[in-house]
Structures are given as structure tokens and as C-alpha cells.
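Take a look at the model below. The text after it walks through the structure step by step.

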Amino acid sequence: MTPPPTLSCQQVVELVSDYLDGALDPSTATLVEEHLAQCPGCATYLEQMRQTIGLLGAVREDQLSEATRTGLMAAFRDLRPPRP
Ligand SMILES: [Zn+2]
């Protein structure tokens, strides 16, 4: 009889950045979530990673000049398929 697959804290820590990126396959992401639900240490680590990424995202946002932002918006608009 084999025990259900579980992840060690080490594995979870290695997978967290991919998990936050949505880069894990669904079954691995489920294993990470199951571990996080039972392991306060890893849950805290995930929260810190999430905040760090949020801060980096805010910095990137601030560094965009108005012209760059306007250019990106125009580019995104052009990417959308025309309405029928
Ligand atoms: Zn853990």
C-alpha cells in the first residue's frame, strides 16, 4: 500500500515561485495547496513571496513613463480582434 503523494517543505519552497506564476500542472499545484493548508511555515513563506512579487510589480508600474503606458495601451487595443 502506497501512501498518498505529499510534498516536503523543501519541495514546496522550490515550487512556490512557479505556483505563483501559475506554471505548475494542476496536480502539482493541488499538492502544493494541500501542503500549505497543513503547514503554517510554508503558508507564511508563500505569503512573503506573494508580497515581494506585489512590491516588484508596483515598482515596475511606477517606472513606466506616461508615454510608454499610452503606447502599451494602444498596442493592447490593436491586439484585440475586431468586433464583427
Ligand atoms: Zn511546509
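What follows covers the metal site, then the core, then the first helix.

This is a predicted model. Start at the zinc ion. Its protein donors are Cys9 (SG), His35 (NE2), Cys39 (SG) and Cys42 (SG). They lie 2.0 to 2.3 Å from the metal. Along the chain, these donors follow the spacing C-x25-H-x3-C-x2-C. The angles among the 4 donor atoms run from 102 to 113°. The site is tetrahedral, because every angle falls between 85 and 135 degrees. For four tetrahedral donors the ideal angle is 109.5 degrees.

Now look at two of the donors in their surroundings. His35 sits in helix 2. Its relative accessible area is 14%, so His35 counts as buried, the limit being under 20%. Leaving out residues up to four places away in sequence, His35 touches Leu7, Ser8, Cys9, Val12 and Cys42. Two of these partners, Cys9 and Cys42, are themselves zinc donors. Cys42 is buried as well, with a relative accessibility of 4%.

Move on to the largest nonpolar core. It has 12 residues in all. Among them are Cys39 and Cys42, both of which also bind the zinc ion as donors. The other members are Leu7, Val12, Leu15, Val16, Tyr19, Leu24, Ala29, Val32, Leu36 and Leu46. The elements giving two or more residues to this core are helix 1 (9-21), helix 2 (26-38) and helix 3 (40-63). Helix 1 gives the most, with 4 residues. Leu46 shows how core members meet. Not counting residues up to four places away in sequence, Leu46 touches Val16, Tyr19, Leu20 and Leu36.

Finish with helix 1. Its buried residues include Val12, Leu15, Val16 and Tyr19. An α-helix has 3.6 residues a turn, so residues three or four places apart point the same way. Helix 1 also bends: a kink of about 45° is centred on Leu15. What span should the 13 residues of helix 1 have at 1.5 Å a residue? The expected value is 18 Å, and the end C-alpha atoms are 19 Å apart, which agrees. Just after helix 1 comes Gly22, which takes a positive phi of about 70°.

Terms used: Residues numbered from 1 in each chain as written. Predicted model: local features only at pLDDT ≥ 70, side-chain atom pairs only at ≥ 80, totals over all residues. Heavy atoms only, no water. Donors = N, O, S within 2.8 Å, 3.2 Å for Na, K, Ca; no water. Tetrahedral: all angles 85-135°; square planar, octahedral: opposite > 155°, others 65-115°. Buried < 20%, exposed > 50% of the residue type's maximum accessible area, 1.4 Å probe, protein only. Core = buried A, V, L, I, M, F, W, Y, C linked by side-chain atoms within 4.5 Å. Contact = heavy atoms within 4.5 Å. Expected span 1.5 Å × (residues − 1). Bend = angle between axes of the 7 residues up to and from the residue.
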